[in-house]
Amino acid sequence: MEENSESSAPPRREITDNTGVSGTEDVLRRQILAERIKNQTQKLKKDVVQQLSSELEQLLQDFVTEVEHLGHNGDANDNYTSFPSKAEKRRHTGELPDKVFHLRRSMLTELFEISHIRTIYHIFVAILIVFSLNTFVYDLVNEGRLNLDFGLMKWTLGKFPKVMALWVCMTLSTLVIVYPTFYYWVANRTPGPVNKTDMFALGLFVLYQIAFIVLPNHYIMEHQIPPASAVIITTEQVRLIMKVHAFVRENIPKVLASNKKDDGDVDKKTNLCPDFSKYLYFLFAPTLVYRDSYPRTKTIRWNYVVTNFAQVLACLLYTYYIFERFCVPVFNNFNKDHVTPKALLLSVFGCMLPGTLVLFIAFFAILHSWLNAFAEMLRFGDRMFYKDWWNSTTFANYYRTWNIVVHDWLYTYIYKDFHRLLGPRNRAGAMALVFLISAVVHEYILTVCFSFFYPVLFVMFMGAGFTFIFVTDKGVSRSWNVFLWVALFIGNGLLMCLYSMEWYARINCPVNTDTFLDYIIPRSWTCMI
């Protein structure tokens, strides 16, 4: 019976597939395969998300670019026309992009359309009115009359006819020397590689630039031009030097690359030199980068021009009150009393607020009001003379957005040229050279203005200013914006305090030596009265 029961039971066997693999191994293999599919799916999901993110970012960037090309179509009087220029994309060549001009308004012009920002502008106007009332009441109480002679302003802007005479001479020299000489060189040079004639022409150009620096300085010292008037001369001097360099630098490569088949055709050769009207327009246009044409507006709003010039005069009055009330009373008696480290420290902190206020006023007067007034008169379409530098979280972004007019020149004619010479790997070297040139020029203007060499700005520019670029390079938190503003307040306080101390030290302290050393040794360090 037992044998029958065993024979009737189904035989026990291990389940196998047609490949001979056991069921346990099959389950394990299926689990491994499922895990692989899951991993591949997650990886594919990550790649797709990254690709979509990249493409979306590119689409948004292209959209912003197209909006900038379209200009501000919301302008009530439709003052802007289209300009069909587009930025060239050079991703694969490694070459740095060129400056491209678009039709666009200044950032503050747009922000002032917001009522909240407009109120901040009204607050500054109210402060100016309070400053004026403060001065009037002070004069009435102490002197019994209104003192409206503005003696400090008259003195610092004195000898204005001599200033204008020198400005006319400098401007005429760029018109009757630079352009005719360049035209003559284009019409008479022998096509082909650089030759001795080209080197001789380059030498003449360098000599002209040197004379353009030396002769106005001699004029300033000979006629003892006061500080503000000297600033007008030196800034115009630097502006014209940069303009001339931009014109020559942009057009020389076109001449050198001209076709050799046009050797004897004078008309074709002279066509390589831009028309005089283009050169003349560039000399007065609010840009330092030369182009044969720029985006232009349709009409001139003369009421807008008058408003901007009125704002420049108001800013000049604003600056006068700041120096009259905050600077002169503090430093007028410098070195007549004993100067202690405590007094020096208090003076530095006392100058931080007025010094930064002067920075705001200078920015608004020059980079917004003055440039917008000239842009409107010349129908110059690209009004992006600055960006939102006040929102910067890094010093690199601050330097790029504070003064776009000068930044574009430094980028186009200094940084890009040395980037080609030194190679892409020496980016820091090219950037350091840009900072060095900028620091030297700023210090040169102050040296000529004050008639003494006291390189505080140069040291701060090349020291703290250059170092902070790398310190704040990765700054993404808004707290870095607080750090930037604290640094600006401290820096402006130091500049205003130290230069004021040196100025009044040279007034109140006797001359130790009548030599060049007295010109470069700070009198505030040696005066012991």
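**Histidine 442 and the helices around it**

In the UniProt record, an unreviewed entry, the annotation "active site" falls on His442. The model looked at here is a predicted one, and it puts histidine 442 in helix H15. How buried or exposed is histidine 442? It sits in between: with a relative accessible area of 37%, histidine 442 counts as partly exposed, because that class runs between the 20% cut-off for buried and the 50% cut-off for exposed. Leaving aside residues up to four places away in sequence, histidine 442 touches Leu457 and Phe461.

H15 (427–450) also turns up in the surroundings of helix H7, being among the elements that cover the buried residues of H7, along with helix H6 (160–188) and helix H8 (227–256). H7 itself takes in residues 196–223, 28 residues in total. From first C-alpha to last, H7 reaches 40 Å, close to the 40 Å expected at 1.5 Å a residue. Its buried residues are a mixed bag: Phe205, Tyr208, Phe212 and Tyr219 are among them, and so are Asp198, Gln209 and Asn217. Pro216 and Ile220 are on the buried list too. Right after H7 comes glutamine 224, with a positive phi, near 50°.

H8, one of the helices covering H7, also packs against helix H14 (residues 404–422). The two axes lie 11 Å apart and make an angle of about 45°, so H8 and H14 are oblique to each other. The crossing of H8 past H14 is left-handed. On the H8 side, the residues that meet H14 are Met242, His245, Ala246, Arg249 and Glu250. Their counterparts in H14 are Val406, Trp409, Thr412, Tyr413, Asp417 and Arg420.

Terms used
Residues are numbered from 1 along each chain as its sequence is written. This is a predicted model: local features need pLDDT of at least 70, side-chain atom pairs count only at pLDDT 80 or more; totals for chains, interfaces and linings use all residues. Side-chain values use heavy atoms; hydrogens and water are left out. Helices (H or I, at least four residues) and strands (E, at least two) are DSSP runs, numbered from the N terminus. The expected span of a helix is 1.5 Å times one less than its number of residues. Buried means under 20% relative accessible area, exposed over 50%, partly exposed in between (1.4 Å probe, protein chains only). Contact means heavy atoms within 4.5 Å. UniProt positions are given in the numbering used here, feature names are shortened, and annotations may be inferred rather than shown by experiment. Axes are lines fitted to C-alpha atoms, for helices over the stretch in contact, and angles run from 0 to 180 degrees between N-to-C directions. Angles under 35 degrees count as roughly parallel, over 145 as roughly antiparallel, 65 to 115 as roughly perpendicular and the rest as oblique. A crossing is left-handed if the near helix is turned anticlockwise from the far one by less than a right angle, and right-handed if clockwise.
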